[in-house]
Amino acid sequence: MGNAWWNLTLRFLLELAALLGLGMAGWSLSGGWWRWGLALALPLIAAVSWGTFAVLNDPSRSGRAPVPVPGSVRLALELVILFGGAAGFYAASYTTTGIIVALFIAISYAFSFDRLGWLLKQ
């Protein structure tokens, strides 16, 4: 079910939410010109990392991996970015939004046991 259309859609929306949450955290946790820098840099770093570090032949992606990594590394990267985005909402005083995003992340991974097993075998 990890590659079911609804779960892939949910994962995509969670990725976008994570970028937004990271940007909001960068904005709210800093001041001055750092505010702009962190609000732009945190989501950019997350997006570049997400697209760069991948497992070869991942069926939930294109199969290409600009920088191939083991499945456990990819899983850790996904969890750090996704839950980092949820924590970003929380840190930016959007507590309820952060909790809801974290719950949807857990739901998505709960229905992705096939993908989790595949990742951990790589």
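In which helix do Glu-78 and Arg-74 both lie, and how many residues apart are they? Select the two residues in this predicted model and you will find them in helix H3, which covers residues 71-91, at a separation of 4 residues, or about one turn of the helix.

**Stop 1: the salt bridges around Glu-78**

With Glu-78 and Arg-74 still selected, show their side chains: the two form a salt bridge in which the closest N and O atoms are 3.0 Å apart, and both residues are buried. Glu-78 itself has a relative accessibility of 0%, and therefore counts as buried, since the cut-off for that class is under 20%.

Next, add Arg-115 to the selection, because Glu-78 forms a salt bridge with this residue too, the closest N and O atoms here being 2.6 Å apart. Glu-78 belongs to helix H3 and Arg-115 to helix H5, so this pair ties together parts of the chain that are 37 residues apart in sequence.

Now add Asp-58, whose side chain meets that of Arg-115 in a further salt bridge, with an N to O distance of 3.4 Å. This contact also links distant parts of the chain, as Arg-115 is in helix H5 while Asp-58 is in the loop between strand S1 (53-54) and strand S2 (67-68), 57 residues away. Arg-115 is buried at a relative accessible area of 5%, and Asp-58 is likewise buried, at 2%. With the four residues displayed together, you can follow how salt bridges that share partners join Asp-58, Arg-74, Glu-78 and Arg-115 into one network; the structure holds 3 salt bridges.

**Stop 2: from Arg-74 to a ring**

Return to Arg-74 and select Trp-50 with it, where the charged end of the arginine sits over the tryptophan ring, 4.7 Å from the centre of that ring.

**Stop 3: the two sides of helix H5**

Which residues of H5 are buried? Select Arg-115, already met in the network, together with Leu-116 and Leu-119, which are the buried residues of this helix. These residues cover an arc of only 100° around the axis, which means that they lie on the same side of H5. Turn the view to the face of H5 directed away from that buried side, and you will come to the exposed residues Phe-113 and Lys-121.

**Stop 4: Phe-111 and the aromatic pairs**

Move to Phe-111, which is placed in the loop between H4 and H5 and is partly exposed, with a relative accessible area of 38%. Select Ile-100, Phe-104 and Ile-107 along with Phe-111 to see the residues that make a nonpolar surface patch of about 340 Å².

The structure holds 3 aromatic pairs. One of them joins Phe-111 to Trp-6: the ring centres are 5.3 Å apart and the planes stand at 80°, so the pair is edge-to-face. It links distant parts of the chain, with Trp-6 in helix H1 (residues 5-28) and Phe-111 in the loop between helix H4 (95-110) and helix H5 (113-121), 105 residues apart. Trp-6 has a relative accessibility of 29% and so counts as partly exposed.

Finally, select Trp-33 and Trp-34, whose ring centres are 4.7 Å apart and whose planes are at 25°, so that this pair is stacked. Is Trp-33 buried or exposed? At 64% relative accessibility, Trp-33 counts as exposed.

How values were computed
Residues numbered from 1 in each chain as written. Predicted model: local features only at pLDDT ≥ 70, side-chain atom pairs only at ≥ 80, totals over all residues. Heavy atoms only, no water. Phe/Tyr/Trp six-rings, centres within 6.5 Å; stacked < 30°, edge-to-face > 60°. Buried < 20%, exposed > 50% of the residue type's maximum accessible area, 1.4 Å probe, protein only. Lys NZ or Arg CZ within 6 Å of the ring centre and 35° of its normal. Patch = residues over 30% accessible without salt bridge, like charges linked within 9 Å, V, L, I, M, F, W, Y side chains within 5 Å. Areas by Shrake-Rupley, 256 points an atom, 1.4 Å probe, with all protein chains shown as cover. Arc of directions from axis to C-beta.
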